[in-house]
Amino acid sequence: SLTAPGDTAAGVYVVEATEDFLAGCEGYEVFIGYPEGTEHLVYAALCASEPVYELEIFNVDGGFLELHRGETLYEYGALAPGSALVVANNPVGENAPGRGFSFRDAEGEYHEYYISLLGYLSMDGVLAVQSLGAGA
């Protein structure tokens, strides 16, 4: 089970990528993946509480009842504590979450999640992660 809305409890957690938060990071990269000029993007910082490997960003396809991994958009590799990968999410005009991520933990176990903006959009500003339930 998740310990906090944005925590996978498997080595990666997600928070809003504010300027203050990013200023405290040792380093970060940004993946937008939407056309230039897209408005209302929400930036989520993927952070590691322990080293993780084979981190990938992908589209989430399907409706809310049958979400599944879509096209891989970005291959990041290893993510270490202290660094972040900032991922843009577009909450406008989508019926399903737009972005997901997968990784392998230190034991080699595979994890897939999607970034949920429901709490963020309901004005409390909470980014959450939900498991896609896949294992490979």
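1. Tyr113 has a relative accessibility of 8% in this predicted model, and the residue is therefore counted as buried, the limit for that class being under 20%. Phe101 is likewise buried, and Phe103, at 0% relative accessibility, falls into the buried class as well. These three residues are worth reading as a group, since Tyr113 takes part in ring pairs with Phe101 and with Phe103.

2. The model contains five aromatic pairs. In one of them, the rings of Phe101 and Tyr113 are stacked, with 5.7 Å from centre to centre and 25 degrees between their planes. This pair links distant parts of the chain, with Phe101 placed in strand E7 (residues 99-104) and Tyr113 in strand E8 (residues 110-116), twelve residues apart. For Phe103 and Tyr113, the ring centres lie 6.2 Å apart and the planes meet at 15 degrees, so this pair too is stacked. Here again strand E7, which holds Phe103, is linked to strand E8, which holds Tyr113, and the two residues are ten apart. Elsewhere, ring pairs join Phe31, Tyr74 and Tyr76 into a cluster.

3. The largest nonpolar core comprises 21 residues, and those with the most contacts inside it are Val14, Leu46, Leu55, Ile57, Phe101 and Phe103. Two or more residues are contributed by each of strand E1 (12-16), strand E3 (42-48), strand E4 (52-61), strand E6 (83-89), E7 and E8. The largest share, four residues, comes from E3. A second core, separate from this one, has seven residues, including Ala17, Leu22, Ala45 and Ala84.

4. Arg99 deserves a point of its own, for this residue of strand E7 has a relative accessibility of 2% and therefore counts as buried. Its charged end sits over the ring of Tyr34, at 4.2 Å from the ring centre. The side chain of Arg99 also makes a polar contact of 2.5 Å with the side chain of Asn59, and one of its polar atoms lies 3.2 Å from the backbone oxygen of Gly33. A colleague examining the surroundings of Arg99 would thus want to view Tyr34, Asn59 and Gly33 together.

5. Two backbone angles should be looked at individually. Most residues other than glycine have a negative phi. Ala9, in the segment before E1, has a positive phi near 60 degrees. Glu54, which is not a glycine either, has a positive phi of about 55 degrees, and its place is in strand E4. At 48% relative accessibility, Glu54 is classed as partly exposed.

6. As for the chain as a whole, two helices and nine strands are present, and their order along the sequence is β-α-β-β-β-β-β-β-β-α-β. Of its 136 residues, 40% count as buried. Among contacts between residues at least 6 apart in sequence, 68% join residues that are at least 24 apart. The chain exposes about 7200 Å², of which carbon and sulfur atoms supply 50%.

Key. Residues are numbered from 1 along each chain as its sequence is written. This is a predicted model: local features need pLDDT of at least 70, side-chain atom pairs count only at pLDDT 80 or more; totals for chains, interfaces and linings use all residues. Side-chain values use heavy atoms; hydrogens and water are left out. Rings of Phe, Tyr and Trp (its six-membered ring) pair if their centres lie within 6.5 Å; planes under 30 degrees apart count as stacked, over 60 as edge-to-face and the rest as tilted. Buried means under 20% relative accessible area, exposed over 50%, partly exposed in between (1.4 Å probe, protein chains only). A charge sits over a ring if NZ of Lys or CZ of Arg is within 6 Å of the ring centre and within 35 degrees of the ring normal. A nonpolar core is a set of buried Ala, Val, Leu, Ile, Met, Phe, Trp, Tyr and Cys residues joined through side-chain atoms within 4.5 Å. A polar contact is a pair of N or O atoms within 3.5 Å; within protein, one must be able to donate a hydrogen and the other to accept it, and residues adjacent in sequence count only if both atoms are side-chain atoms. Contact means heavy atoms within 4.5 Å. Accessible areas come from the Shrake-Rupley method with a 1.4 Å probe; for residues, only the protein chains shown count as cover.
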